[in-house]
Amino acid sequence: MTYLVGGLELDRPFRIERLGHFGYHTPDLPGTLRFLTEELGLFCSDIDDFTTRVPELPKEHALGYFIRCNSDHHTMVIGSQLLVDTREPARKGALVNQLSWQVGSLKQVVEGIDYLDHNARLRRIGRDSPGSNWHAYAYCPDGYVNEIYYGMEQVGWDGRSKPVAYAERAYHTRPPLPQIREHQEVCDIEARDGILPGFRHEEKREAAYDVEGVLLPQPFRLTRLARACLFVADPEASLAFYQDTLGLKVTERRGGMIFLRAADEHHSLALLPEAMKGELGIGAACSFAVASYDQLRAAYDYLRTRGNVILDLPADLSPGLSYGFWVKGPEAVAIQITYGAERFDAGGSTPPAMADLPATIQHGGERWFQPPFLGPLG
Ligand SMILES: [Fe+2]
C-alpha cells in the first residue's frame with residue numbers, strides 16, 4: 001500500500017527523521033539526576049509530579065524529570081523504577097521507558113495511529129505536557145515503547161519551558177485535525193493569564209571552565225543524542241518492527257548486533273542480542289555527541305578524575321562512531337560520549353581507546369555525519 005506523506009509516495013504514513021529522546025527508570029532517582037546534571041552537564045527542563053496519579057507511591061519516587069541537551073524540551077526522560085513498577089505492573093522491572101522518533105508533521109503522527117495499531121500494539125496517543133509533542137506510542141515485540149512524535153517544544157533564549165497553563169492543550173485521544181498553530185496557543189494563554197514563568201534549570205556550579213571561549217561549569221557540552229542501544233531476544237526478529245513497521249534501514253550487522261539508521265547517519269539504534277547483556281554488565285545504553293574533539297578528551301579526563309564509573313565496553317558496539325568512551329550513573333544505563341559520527345556509507349570504523357588518542361586529528365570530511373549545534377554552548 002502507498003501512503004502520501006507531504007506529497008511523497010511512501011510505504012507508511014510517516015517518515016522518521018531522527019532519534020529524538022530516550023527514557024529510562026532508575027532505582028536511585030536523585031543519584032541519576034545528579035549524575036546527568038552535575039557530571040554530564042545536562043539540563044532539567046521540567047518536573048512531572050505523579051503524587052496525585054499514583055498516591056500509594058512514596059513522594060520521593062513520584063517525580064519524573066525531563067532532561068535536555070539542546071533546545072529540544074527533552075532528550076531524556078527519567079523516572080523512578082518504583083514508579084513504573086507500581087503504576088504499570090505489566091512492565092515491572094522495565095529499565096527502558098521509551099525510545100522516541102521524530103516525524104515531520106502532525107498529520108504523520110495522527111495517520112500513524114491506525115498504522116501502528118494495525119502493525120504493532122498501540123500504547124497511547126495524543127499530546128503530552130510537559131514537552132508539547134504530539135505522539136503515538138507503540139510496543140516493539142520485546143515490549144520496548146517506541147514513540148513517533150511531532151512538534152517538540154523548543155526551549156529558547158531564556159531557558160524556560162512553557163508554563164503549566166499549557167497543559168490544557170494536552171490530548172489523551174486522537175487529536176482532530178487541523179489544530180491551531182503553537183503561536184496561537186501562546187497568544188491565547190498569554191491574553192488570558194498574562195506571561196507566566198515556566199520552569200528553568202538553576203545551575204549551582206561555578207562556570208569555571210573555558211570551553212573554546214565560553215565559561216561553562218564543566219569542560220564540555222553534550223549537544224546531541226546520537227543513538228540508543230537496546231537488548232532484544234532476537235535482533236533479526238525485531239526487524240519486523242523496526243525496519244518494516246517504523247521504516248528504519250539496516251546499515252550493518254556485526255557479531256549478532258544490528259545497526260539501524262533513520263537518515264544518513266551510520267545508526268541511531270543498535271539492537272543487541274539479549275545474550276550479550278551479562279557479558280557487558282549493562283541493561284541499555286545511549287550515546288551523546290560533544291561539539292569538538294578537545295571537549296571529548298576534556299570530558300574523559302574530567303569525568304574520570306571525579307571518580308565516575310568509566311566502562312570498558314567492546315569497540316564493536318560502536319561502528320560509525322569515530323571517538324568516544326563510556327561512563328555510567330547509578331542505574332544500569334551506560335552513556336557513551338562521542339565525537340565524530342560517520343555517515344552510513346563511510347565503512348563503520350570503531351573508536352580507539354582514549355589512552356591511544358593523539359592530541360589533534362583531521363576532520364573526517366564528507367565521511368562524517370555531523371548536524372550543527374544550534375545556539376550558544378551555555
Ligand atoms: Fe516521549
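1. Which residue just after α7 takes a positive phi? In this predicted model, the residue is G307, and its phi is about 85 degrees.

2. Helix α7 itself covers residues 293-305, a run of 13 residues. From its first C-alpha to its last, the helix reaches 19 Å, which is close to the 18 Å expected at 1.5 Å a residue.

3. Several residues of α7 are buried, namely Q295, L296, R297, A299, Y300 and L303. An α-helix has 3.6 residues a turn, so residues three or four places apart point the same way. The buried residues of α7 pack against one other helix, α1 (29-39), and against the strands β11 (209-211), β17 (284-290), β18 (309-311), β19 (321-328) and β20 (333-341).

4. An unreviewed UniProt entry lists residues 224-340 as "domain: VOC". Over residues 224-340, helix accounts for 25% of the chain and strand for 44%. The C-alpha atoms at the two ends of this stretch are 12 Å apart.

5. The largest nonpolar core contains 86 residues, and those with the most contacts inside it are I67, V109, C229, L230 and A284. Strand β13 (residues 222-232) gives the most to this core, contributing 8 residues. Both domain 1 (3-203) and domain 2 (214-367) supply at least three residues each to the core. In soluble globular proteins, nonpolar side chains tend to be buried together.

6. The surroundings of A284 merit a closer look. Leaving aside residues up to four places away in sequence, A284 touches Y24, L95, V96, C229, L230, F231, A332 and V333. Among these partners, C229 and L230 are also listed with A284 as having the most contacts inside the core.

Definitions and conventions. Residues numbered from 1 in each chain as written. Predicted model: local features only at pLDDT ≥ 70, side-chain atom pairs only at ≥ 80, totals over all residues. Helix = DSSP H or I, 4+ residues; strand = E, 2+ residues; numbered from the N terminus. Expected span 1.5 Å × (residues − 1). Buried ≥ 20, exposed ≤ 12 C-beta atoms within 10 Å, placed from the backbone. Contact = placed C-beta atoms within 7 Å. UniProt positions renumbered as here; feature names shortened; annotations may be inferred. Core = buried A, V, L, I, M, F, W, Y, C linked by C-beta atoms within 7 Å. Domains from an automatic or database assignment.
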